[in-house]
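The following exercises concern strand pairing, helix packing and model confidence. Each task is followed by a solution in steps.

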Amino acid sequence: MAKVISTLFISADGVVEIDPDWHFPYFDDNMGRAVGEDYDTADVLLIGRETYDSFAGAWPEREAAGGEDAPFAKQLGDVRKVVVSRQPLEFSWRNSELMQGDLLDAVTSLKADAGSRGILIPGSISVVQQLLAAGLVDELRLLVHPVAARKGRKLFDEGDAPYHLKMTATEAFPTGVIRVIYSPTSPPAKVGYDEVKDQVPAGN
């Protein structure tokens, strides 16, 4: 079964609506390598309409320009792109298609496709939030920037129950960015103060 992996740039206070002013100063070779590793996990990109419009408005031109980022632009062009949108779209970027039917049903089918290596969701905040709530995200790959954005959409919206996560990998970059990979996990056993009071500092 194919994994669904969400990859996001995120501020220390949880904002994933990226402002270039606080994002690009921290982008270096380490972050580029991490992003490349995330994209190498998948043969399907699952993206919302706004993310698609942003990507399609930039990467085809970068591929055609033949600059330093052209190989990555070609990789994005070659991969299958499934776009989540309530409105019909006309696609000018190759290998792009509109998701058919209900999001949760469609993603469940994509996960079950024996021919699929992996499904990557870059950005696309509302898509990730819906799939998290439905338990369909297998990994959260976060590049945590050392900045409190203080405004913008956050990854975790308000809800009735917490999301419990297991950290499977972490890496600190010289810029102060921390790469963290989480997978969903079961809640820990219920514990109160009486069970942990022996761990409280003894004092001097």
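Two strands are taken to pair if DSSP finds at least two bridges between them. The model examined here is predicted.

**Exercise 1. Confidence**

Determine the mean pLDDT of the protein, and identify the elements with the lowest and the highest mean pLDDT.

Solution. Begin with the whole chain: the mean pLDDT is 92, and 100% of the residues reach 70 or more. Then turn to the elements. The lowest mean pLDDT, 88, belongs to helix α8 (residues 193-196), and the highest, 97, to strand β6 (residues 139-145).

**Exercise 2. The antiparallel pairings of β8**

Establish how β7 pairs with β8, and how β6 pairs with β8.

Solution. Apply the bridge criterion to strand β7 (residues 165-172) and β8: seven bridges join them, in the antiparallel sense. Within this pairing, alanine 169 lies opposite isoleucine 181 of β8. The connection between β7 and β8 is a hairpin with five residues between the two strands. In its turn, glycine 176 has a positive phi of about 100 degrees. Next consider β6 and strand β8 (residues 178-184), which are antiparallel and share five bridges. Here valine 144 is placed opposite isoleucine 178 in β8.

**Exercise 3. The surroundings of β1**

Is strand β1 largely enclosed by the rest of the structure or not, and in which sense does β1 pair with β5 and with β6?

Solution. Count the residues under 20% relative accessible area, the cut-off for buried. Seven of the nine residues of β1 (residues 3-11) are buried, so the strand is largely enclosed by the rest of the structure. Now examine the pairings. β1 and strand β5 (residues 118-122) run parallel and are joined by five bridges, with valine 4 opposite isoleucine 119 in β5. β1 also pairs with β6 in the parallel sense, over seven bridges. In that pairing, serine 6 has leucine 140 of β6 as its bridge partner.

**Exercise 4. Packing of α6 and α7**

Classify the crossing of α6 and α7, and list the residues through which α6 and α7 meet.

Solution. Two packed helices are described by the angle between their axes and the distance between the axes. The axes of helix α6 (residues 103-112) and helix α7 (residues 125-133) come within 11 Å and cross at roughly 80 degrees. Angles of 65 to 115 degrees count as roughly perpendicular. The two helices α6 and α7 are therefore roughly perpendicular to each other. On the α6 side, Leu103, Leu104 and Val107 take part in the contact; they meet Val127, Gln130 and Leu131 of α7. Sorted by character, the residues of this contact comprise five nonpolar, one polar and no charged.

Definitions and conventions
Residues numbered from 1 in each chain as written. Predicted model: local features only at pLDDT ≥ 70, side-chain atom pairs only at ≥ 80, totals over all residues. Heavy atoms only, no water. pLDDT = per-residue confidence, 0-100. Helix = DSSP H or I, 4+ residues; strand = E, 2+ residues; numbered from the N terminus. Axes fitted to C-alpha atoms, helices over the stretch in contact; angles between N-to-C directions. Parallel < 35°, antiparallel > 145°, perpendicular 65-115°, else oblique. Contact = heavy atoms within 4.5 Å. Nonpolar A, V, L, I, M, F, W, Y, C, P; charged D, E, K, R; others polar. Buried < 20%, exposed > 50% of the residue type's maximum accessible area, 1.4 Å probe, protein only.
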